[in-house]
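Let's walk through this one together, a question at a time. The structure comes up first, and then we can talk about what it shows.

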Amino acid sequence: MNPQAIMQIMAAWNTFRSNHPKFPAFLEALRAQGIKEDSVIEISITDPDGKKIETNIKVKQSDLDLFESLKNMR
């Protein structure tokens, strides 16, 4: 990855953190606690008109293996 792209991503991340200060704290708490097998991850999105889309997954060991592989790529 070229240095200019890295700088753009860092600037975008800083803007995101400024706009959504609770989210990085959530990610940090998640990192500290970790995700365990049989945990449930829920995702909900509400558009400006109030329409809501929701889903969830129950975490399996294969999911944890994938997360670990992705974490080791960096």
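Q: Which residue follows α2, and what is the value of its phi?
A: Helices here are DSSP runs of H or I with at least four residues, strands are runs of E with at least two, and both are numbered from the N terminus. The residue after α2 is G34, and its phi is positive, near 85°.

Q: How should the model be read, and what is the mean pLDDT of the chain?
A: This is a predicted model, in which local features need pLDDT of at least 70, side-chain atom pairs count only at pLDDT 80 or more, and totals for chains, interfaces and linings use all residues. Residues are numbered from 1 along each chain as its sequence is written, and side-chain values use heavy atoms, with hydrogens and water left out. pLDDT is the predictor's confidence in each residue, from 0 to 100. In this chain 99% of the residues reach 70 or more, and the mean is 93.

Q: Where in the chain is confidence lowest, and where is it highest?
A: The lowest confidence falls in α3, with a mean of 90. The highest, at 98, belongs to strand β2 (residues 52–58).

Q: What distance separates the end C-alpha atoms of α2?
A: The expected span of a helix is 1.5 Å times one less than its number of residues. With 12 residues, α2 should therefore span 16 Å. The model agrees, since the end C-alpha atoms of α2 are 17 Å apart.

Q: How many salt bridges does the count come to?
A: A salt bridge is a side-chain nitrogen of Lys or Arg within 4 Å of a carboxyl oxygen of Asp or Glu. By this rule the count is three.

Q: Which residue forms a salt bridge with E28?
A: The partner lies three residues away in helix α2 (residues 22–33), so about one helical turn separates the two. E28 is partly exposed at 40% relative accessibility (buried is under 20% relative accessible area, exposed over 50%, partly exposed in between, with a 1.4 Å probe and protein chains only). The partner is exposed, at 59%. With the closest N and O atoms 2.6 Å apart, that partner is R31.

Q: What is the N to O distance between E68 and K71?
A: These two are three residues apart in helix α3 (residues 61–73), so they are separated by about one helical turn. E68 is partly exposed at 36%, and K71 is partly exposed at 46%. Their side chains meet in a salt bridge at 3.3 Å.

Q: Which residue meets E54 in a salt bridge?
A: E54 is exposed, with a relative accessible area of 57%. Its partner is partly exposed, at 49%. The N to O distance is 3.9 Å, and the partner is K52.
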